[in-house]
Amino acid sequence: MSAELEVTRRLQQMILPKDEELRQISTLDIAGFMEPASDVGGDYYDVLQHDQAVKIGIGDVTGPGLESGVVMIMLQTAIRTLMMQDPVKFLDVINRTIYDNVKRINSDKNLTLILLNYQQNCLRLSGQHESVIVVRSQGEIELIDTIDLGFSIGLDEEIIDFIAEKEIYLNTGDGVVLYTDGITEAENEVGEFYGLERLCEVISQHWSKPSQEIKKAVIENLRNHIGRQKVYDDITLLILKQK
């Protein structure tokens, strides 16, 4: 089992977007971070570019472990294969694919997933996940609740009626921060959650900096909060800034 976990963990790390890939996206300043709570995590994020369009995704498979890691790899492969489809149809096909595969491996795994399609300063957002943090150039924060934009992936065979879209327009210096609940629900030694409010405060305070420095500031602040407390969930963070 330990050998299987190690192979899956290495596969997960291999398919994450590399820094050099992110630097090739000329219109966005992007930084990503993913750290599993155990040998294999169920968090997912990716940034894929095709011509002038960019597809950004982040998701969270229920629970850590080998099955979650396998579902995460299935998801990444399916998204890369289907990336040029219409966002609403895209999520429907992804759901059917994951639903069938999860059923085949006799698992009860499902996941939250949000997709952002970026082109010419516009983000088209669809899917259900944590709140999306929109940050304007001076650090002002806007929160977008995604509860009405989608449905859990792999939980039900038919979800197309639950899928909706929202558009976000970015000016120079504006951006978006995506995260999994491993950040907001991270506990310190007395059981206090890190929380969305604290995350937004750190992001706002450091927004004038490049995305890599914002990422470092958030992760450092999070680690200070956690202290010696055990980390129970995967930690994933993705920062996008319009150049």
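Contact here means heavy atoms within 4.5 Å. Axes are lines fitted to C-alpha atoms, for helices over the stretch in contact, and angles run from 0 to 180 degrees between N-to-C directions. Helices (H or I, at least four residues) and strands (E, at least two) are DSSP runs, numbered from the N terminus.

This is a predicted model, in which local features need pLDDT of at least 70 and side-chain atom pairs count only at pLDDT 80 or more, while totals for chains, interfaces and linings use all residues. Residues are numbered from 1 along each chain as its sequence is written, and side-chain values use heavy atoms, with hydrogens and water left out.

**The five-stranded sheet**

Five strands form an open sheet in the order β2-β3-β4-β5-β8, with antiparallel pairing; two strands pair if DSSP finds at least two bridges between them. At the edges are β2 (43-50) and β8, each of which pairs on one side only. From one strand to the next the twist averages 20 degrees. Helix α3 (residues 66-82) packs on this sheet and touches β2, β3 and β4 (111-119), with its direction at about 15 degrees to that of β2. Helix α4 (residues 87-104) lies across β3, β4 and β5 (122-128) and runs at about 150 degrees to β4.

The antiparallel pairings with a listed residue pair, including that of β6 with β7, are as follows.

| Strands | Bridges | Residues opposite each other |
|---|---|---|
| β2 and β3 | eight | Tyr 44 and Gly 59 |
| β3 and β4 | eight | Gly 57 and Leu 115 |
| β4 and β5 | seven | Leu 115 and Ser 126 |
| β6 and β7 | four | Val 134 and Glu 142 |

Leu 115 of β4 thus appears twice, opposite Gly 57 and opposite Ser 126. Seven of the nine residues of β4 are buried (under 20% relative accessible area with a 1.4 Å probe, protein chains only; exposed is over 50%, partly exposed in between), so β4 is largely enclosed by the rest of the structure.

**Hairpins**

β4 and β5 form a hairpin with two residues between them, and Gln 120 in the turn has a positive phi of about 50 degrees. Strand β6 (residues 132-135) and β7 form a hairpin with five residues between them. In that turn, Gly 139 has a positive phi of about 95 degrees.

**Helix α7**

Helix α7 (residues 211-226) has 16 residues and spans 22 Å from its first C-alpha to its last, close to the expected 22 Å, which is 1.5 Å times one less than the number of residues. Its buried residues include Ile 214, Lys 215, Val 218, Leu 222 and His 225. The cover over the buried residues of α7 includes β1 (28-35), α5 (181-184), α6 (196-205) and β10 (235-242). Gly 227 follows α7 and has a positive phi, near 60 degrees.

**Ring contacts**

The structure holds one aromatic pair. Rings of Phe, Tyr and Trp (its six-membered ring) pair if their centres lie within 6.5 Å; planes under 30 degrees apart count as stacked, over 60 as edge-to-face and the rest as tilted. Phe 151 and Phe 162 have ring centres 4.8 Å apart and planes at 25 degrees, so the pair is stacked. Both residues lie in the loop between β7 (141-144) and β8 (166-169), so the pair ties together parts that are 11 residues apart in sequence. Phe 151 is partly exposed at 26% relative accessibility, and Phe 162 is partly exposed at 44%.

A charge sits over a ring if NZ of Lys or CZ of Arg is within 6 Å of the ring centre and within 35 degrees of the ring normal. Lys 55 lies over the face of Phe 90, 4.3 Å from the ring centre. The charged end of Lys 241 sits over the ring of Trp 207, at 4.8 Å from its centre.
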